[in-house]
Amino acid sequence: MIIKTKNLAKRYRKVKAAKLFHKEYRTFYALKNVSLEIHQGDYVGLVGLNGSGKSTLIKMILGILQPDGGIIKTFDKDPLNNRQKNAAKIGVVFGQRSQLRWDLPAMDTFKLNREIYQVPERVFIKRVTKLAQMLQATEFLEQPVRTLSLGQRMKAEFIAALIHDPELLILDEPTIGLDVLTKNNITQFLQQLTDKTIIFTSHDLDEVAKVCSRILILNKGKLVLDQSIQELAELDVPASITFTSADKLSADLIKQWPNMVQLENGSYQIAKIKQANLKEVLSTITARIPVANIEVKSNKLEYLLAHLTRQEVQ
Amino acid sequence: MRYLKLLATYLKINLKAIAIYDLDFYFALAGMIIQNVLNIVALRFIFNIVPRIKGYSFAQLLLTYALATLAFAIFRCFFINALNISDYIHDGRLDTILIKPVNPLFQLVNERVDEDAWGDLIVALLLLIIVDMQLHNPWYITAMFIFISLFTSLIFLGLAVLGNIVALLSNGLANLVETTFDFFDMSKYPLAIYSSTLRLIMTFIFPIGWVASIPQEKIAVEHEWIWLLLIPAACVFFFILIYQLWRVFLQKYQSTGS
Amino acid sequence: MKYRLMLIKVGIKKGLASKYALIFWLFSTLISLTVQYFLWQAVLTGKPTSEFQQTISYLILMQLLTVLFPKTSYEVNDKIRSGNIALDLLKPVAIATQLLWESIGYSIVKFALIGTVDLLICLWLLNFKIALSTILMVLVTGILAYLLYFELELLLGTFSFYTYSIWGISTFKEAILLVLAGNMFPANFYPAVIKRVASFLPFQYSFGAVGMLAQKPSWALFVQVVLIQLFYIILFNVLFKILFKRSVVSTVIQGG
Ligand SMILES: Nc1ncnc2c1ncn2[C@@H]1O[C@H](COP(=O)(O)OP(=O)(O)OP(=O)(O)O)[C@@H](O)[C@H]1O
Ligand SMILES: [Mg+2]
């Protein structure tokens with residue numbers, strides 16, 4: 001077992017009002033009653049909206065934050081008291097934070113990490129070469145980090161986090177601000193990694209779904225869903241279709257889809273289409289209307305969150 | 001052993017980072033040397049007024065000055081980043097340090113060095129050697145002083161860490177950290193010039209007296225070799241005390257997340 | 001005039017916003033004064049106490065001036081490095097005017113906190129015996145010294161059109177002030193040669209001269225100091241204008 005938590009809770013103090021000499025606080029729970037198990041080899045996607053407590057959970061797993069209730073074990077040990085010991089087996093990429101030395105080439109940070117994690121020289125060279133190849137990062141590793149683009153820097157961060165071949169790889173919103181191409185590149189890279197356990201946090205469910213085999217959803221500090229990706233795919237999440245057309249729509253079509261609306265930019269949108277009906281609607285549109293552009297979207301996370309919280313209320 | 005190797009790596013990397021700003025580096029180096037020379041000239045002026053201050057001759061006062069500067073230069077060369085701890089906490093970089101399997105304070109302190117402190121280090125070493133020759137102190141006394149300075153620099157490190165902790169607990173008095181520089185100013189003169197209360201404070205509370213004044217008196221004047229052990233022991237003791245405080249502080253950080 | 005008042009207000013706001021920095025400065029000033037106090041007490045043992053009192057009050061005054069005086073050269077350097085100087089040049093007011101009045105506002109805040117403490121200590125040391133004429137002399141020469149120092153800083157800042165970094169120059173400036181301006185060390189303890197040299201150079205007139213007047217006020221000295229101060233202020237102002245114009249023109253040409 002890599003990670004096990006039981007009824008894990010964390011509360012923070014938030015400043016309510018700042019007076020001149022003292023501040024008033026109120027406490028609130030950033031995490032509440034979170035119980036989960038993560039096993040060797042799991043690729044876990046941790047999803048939630050901003051402020052849902054993802055980073056808080058990650059910090060407790062890493063042992064840099066103390067729980068206020070419940071139990072947490074990382075590598076079967078209390079992470080707080082075994083922080084440095086566990087750290088040797090964990091690699092972390094924080095999307096908003098850099099571990100690279102700003103004024104130096106990324107390679108120098110790698111070398112420093114080699115000493116910190118005590119990786120033998122030969123292994124180190126082989127590993128860096130291989131990782132750089134997989135991420136297509138070979139050319140810019142000798143360039144000062146401040147001259148790198150965001151995408152290049154993130155790739156370097158990944159290499160820095162994997163120098164010591166950690167068992168557990170933790171990614172806290174690593175793709176924030178990256179373009180589609182780089183994102184795909186990183187997704188492919190993660191798929192190629194073997195015998196690792198990965199925790200990947202993001203607020204984009206689709207992105208996480210590409211890499212992970214299991215999804216955890218946090219909402220306001222509560223774990224509201226823990227399912228495999230297959231189970232999730234089977235859920236009937238309604239989709240919405242948006243299309244544009246040069247021609248006017250005929251009246252009978254408009255009648256056929258009463259919940260169709262025309263958006264401000266002139267395109268049409270049909271929301272809440274059940275999975276079963278999706279094919280039919282699509283073929284009708286393409287057959288009857290000369291569409292210039294068409295897009296199918298299912299906002300799974302929003303739907304799930306709305307759905308799951310309603311369930312709770314009932 | 002492992003930490004020594006790490007130290008070497010950090011040093012290599014930090015020096016490389018400095019070399020990137022080469023021109024500025026030499027400017028600063030020259031500037032620091034000029035300032036030191038002028039400080040000494042100013043001290044010399046004082047001795048135009050009186051031949052001795054509380055029994056100290058010009059050369060003896062210079063020795064105190066040299067010892068303090070040496071210890072402070074070592075602090076600035078190797079430990080200067082301790083002044084930035086509160087920045088690390090404000091922008092969350094402390095997290096990236098806590099997730100590494102190496103002592104956090106060690107990492108923090110080694111992440112940056114001060115580029116212009118090397119000028120100070122050179123001046124202080126030269127000055128120490130010259131003054132010792134003037135005072136007819138044998139070579140081994142100079143060697144002892146250098147040995148002791150390695151430890152007394154820990155006092156400044158301790159004060160810097162202390163300043164940071166106080167600054168963080170008091171929410172925003174971040175500039176308090178710079179007081180370390182004022183403490184350095186205090187350490188440049190013999191304890192004998194201060195009032196007895198201050199002397200007590202500087203010996204037992206903020207141990208700046210141990211940086212230069214006590215080593216000079218005990219080693220160069222009285223030749224009591226036991227102080228060769230006592231002084232480093234005092235420095236290490238003070239540092240351990242502060243280190244415990246730092247650990248308490250880390251625990252607080254880990255429970256509140258800020 | 002309204003515009004200047006506004007600039008002063010901006011400066012005051014800046015000062016109030018950094019209240020923690022001010023408290024630190026006060027703390028730092030007090031430590032530094034403690035060192036000076038005991039050092040000079042030790043140096044001047046056996047001499048009449050009045051000499052010690054005068055020396056210390058002189059040093060406190062110098063300390064106060066050091067804290068109050070603006071760090072304009074760094075501001076100019078910042079503007080040049082970041083390229084923001086272009087924005088300031090577009091404004092219909094001379095850049096020197098903007099900088100001067102803003103720093104006056106900032107200095108007012110500093111004076112309110114640190115100045116009060118410093119002056120109280122000073123008065124206490126002098127047993128609250130001080131002539132009104134002395135206050136007047138110190139005030140006038142102090143203001144002129146402020147202007148003189150400001151011009152000096154402006155000139156230094158302008159150099160960074162050429163050198164880009166200001167560290168070296170400003171270390172050098174501090175070094176000169178250390179010896180020739182008498183802000184760390186009472187000028188009348190100088191050896192005779194340096195005393196003579198210093199009395200011709202401008203640096204002393206932004207620090208030491210003010211202190212000397214506080215120590216030994218005399219109308220003759222006052223008139224002499226004010227005249228020299230005015231002379232240097234005008235000289236520096238002209239120099240700055242010439243240099244600044246040339247620098248702007250040449251950098252524009254270089255910048256293409
Ligand atoms: N040190 C702290 N002190 C007080 N409140 C905090 C602290 N850290 C986080 N919080 C609060 O706890 C809640 C959860 O924060 P957390 O950083 O875990 O969210 P997240 O899921 O990672 O969000 P995001 O997607 O924006 O990164 C937020 O409301 C945040 O404001
Ligand atoms: Mg987060």
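In the predicted model, chain B carries 16 positive and 17 negative charges, and the mean positions of the two sets are 6 Å apart. In chain A, 44 positive and 33 negative side chains are present, and the centres of these two sets lie 6 Å apart.

The secondary structure of chain B consists of 12 helices and zero strands. Read along the sequence, the pattern is accordingly α-α-α-α-α-α-α-α-α-α-α-α. Chain A, by contrast, contains 11 helices and 13 strands.

The radius of gyration of chain B is 19 Å; this agrees with the value near 18 Å that a compact globule of 258 residues would have. Along the principal axes, the C-alpha atoms of chain B fill a box of roughly 55 × 45 × 35 Å. The corresponding box for the C-alpha atoms of chain A is roughly 70 × 50 × 45 Å.

Burial was evaluated for both chains. In chain B, 60% of the 258 residues count as buried, while in chain A the figure is 48% of 314 residues. The exposed area of chain B is about 10,600 Å², of which carbon and sulfur atoms supply 69%. For chain A the exposed area is about 16,000 Å², with carbon and sulfur atoms supplying 50%. Among contacts with a separation of 6 or more, residues 24 or more positions apart account for 75% in chain B and for 70% in chain A.

Two pairs of chains are in contact, and of these chains A and B share the most contacts. Chain A and chain C do not touch, their nearest C-alpha atoms being 12 Å apart.

Helix H9 of chain B, residues 179-187, is mostly covered, with seven of its nine residues buried. The buried residues of H9(B) are Thr179(B), Thr180(B), Asp182(B), Phe183(B), Phe184(B), Met186(B) and Ser187(B). Their cover includes helix H3 (58-79), helix H8 (139-169) and H10 of chain B. Helix H2 (19-43) of chain C is also included in the cover of these residues. Phe184(B), one of the buried residues of H9(B), also belongs to an aromatic cluster with Phe72(B), Phe75(B), Phe156(B) and Phe181(B).

Over all chains, 30 aromatic pairs are found in the whole structure. In one of them, the ring centres of Trp139(B) and Tyr140(B) are 5.9 Å apart and the planes are at 80°, so the pair is edge-to-face. Trp139(B) has a relative accessible area of 67% and is therefore exposed, whereas Tyr140(B), at 35%, counts as partly exposed. In chain C, the rings of Phe231(C) and Tyr232(C) have centres 5.3 Å apart and planes at 65°, so this pair is also edge-to-face. Phe231(C) is partly exposed, with a relative accessible area of 48%. Tyr232(C) counts as buried because its relative accessibility is 11%, which is under the cut-off of 20%.

Ile205(B) is placed in helix H10 of chain B, which spans residues 196-205. The relative accessible area of Ile205(B) is 52%, so the residue is exposed; the cut-off for this class is over 50%. Apart from neighbours within four places in sequence, Ile205(B) is in contact with Leu200(B) and Phe238(B). The C-alpha atoms of Ile205(B) and Leu61(B) are separated by 24 Å, and the two residues are 144 residues apart along the chain.

Two residues were examined for backbone geometry. Most residues other than glycine have a negative phi. Gln118(A), a residue other than glycine, has a positive phi near 55°. The position of Gln118(A) is in the loop between helix H3 (106-116) and helix H4 (121-134) of chain A, and with a relative accessible area of 51% Gln118(A) is exposed. In chain B, His223(B) likewise has a positive phi, near 50°. His223(B) lies in the loop between helix H11 (213-221) and helix H12 (227-256) of chain B. The relative accessible area of His223(B) is 37%, so the residue is partly exposed.

Conventions:
Residues numbered from 1 in each chain as written. Chains lettered and ligands numbered in written order. Heavy atoms only, no water. Helix = DSSP H or I, 4+ residues; strand = E, 2+ residues; numbered from the N terminus. Rg over C-alpha atoms; globule rule 2.2 N^0.38 Å. Buried < 20%, exposed > 50% of the residue type's maximum accessible area, 1.4 Å probe, protein only. Contact = heavy atoms within 4.5 Å. Areas by Shrake-Rupley, 256 points an atom, 1.4 Å probe, with all protein chains shown as cover. Lys, Arg positive; Asp, Glu negative; His and termini not counted. Charge placed at Lys NZ, Arg CZ, Asp CG, Glu CD. Phe/Tyr/Trp six-rings, centres within 6.5 Å; stacked < 30°, edge-to-face > 60°.
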